[in-house]
Amino acid sequence: MTQYRFRTPQRRGKWYDTLDQAQRFANAIGAGFLCPAGSFVPYRGTVLELRPKDQGAAK
C-alpha cells in the first residue's frame with residue numbers, strides 16, 4: 001500500500017492512505033485546493049510525495 005502527502009517549500013503535510021485524502025487536506029498547509037468541479041489544483045512549488053506503508057505497523 002502507498003501513502004501520500006504534499007510538501008511545500010515551507011511545510012509538510014501528514015501522510016494519508018489515499019490520494020483523495022491528501023488532496024482534501026492540502027489546503028491546510030497551503031499546497032493547493034479542490035476546485036468546485038472536484039479537481040485538485042496544486043499551488044506553485046507543491047510536491048506530491050509517496051512512500052510504501054509499513055504493513056507491520058499497528059493501527
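A residue counts as buried when its relative accessible area is under 20%, as exposed when that area is over 50%, and as partly exposed in between. The model open in your viewer is a predicted one, and this tour begins with a residue to which that definition applies.

Select Asp17 first: because its relative accessibility is 31%, Asp17 counts as partly exposed. Now add Lys53 to the selection, and you will find that the two residues form a salt bridge in which the closest N and O atoms are 3.3 Å apart. This pair joins distant parts of the chain, since Asp17 sits in the loop between S1 and H1 while Lys53 belongs to the segment after S4, 36 residues apart.

The structure holds three salt bridges, and to see the others you can select Arg5, Arg7 and Glu49, which are linked in a network of salt bridges. The side chains of Arg5 and Glu49 meet at 2.5 Å, N to O, and they connect strand S1 with strand S4 (residues 47-52) across 44 residues. Glu49 also meets the side chain of Arg7, at 2.7 Å, N to O, and here again the link runs between S4 and S1, with the two residues 42 apart.

Which of these residues are buried? Arg5 is, at 15% relative accessibility, and so is Glu49, at 18%, whereas Arg7, at 29%, counts as partly exposed.

Finally, select Thr8, which lies in the loop between strand S1 (2-7) and helix H1 (19-25). Thr8 is buried, with a relative accessible area of 8%, and, leaving aside residues up to four places away in sequence, Thr8 touches Ile29, Gly30, Ala31, Gly45 and Thr46.

Terms used
Residues are numbered from 1 along each chain as its sequence is written. This is a predicted model: local features need pLDDT of at least 70, side-chain atom pairs count only at pLDDT 80 or more; totals for chains, interfaces and linings use all residues. Side-chain values use heavy atoms; hydrogens and water are left out. Helices (H or I, at least four residues) and strands (E, at least two) are DSSP runs, numbered from the N terminus. Buried means under 20% relative accessible area, exposed over 50%, partly exposed in between (1.4 Å probe, protein chains only). Contact means heavy atoms within 4.5 Å. A salt bridge is a side-chain nitrogen of Lys or Arg within 4 Å of a carboxyl oxygen of Asp or Glu.
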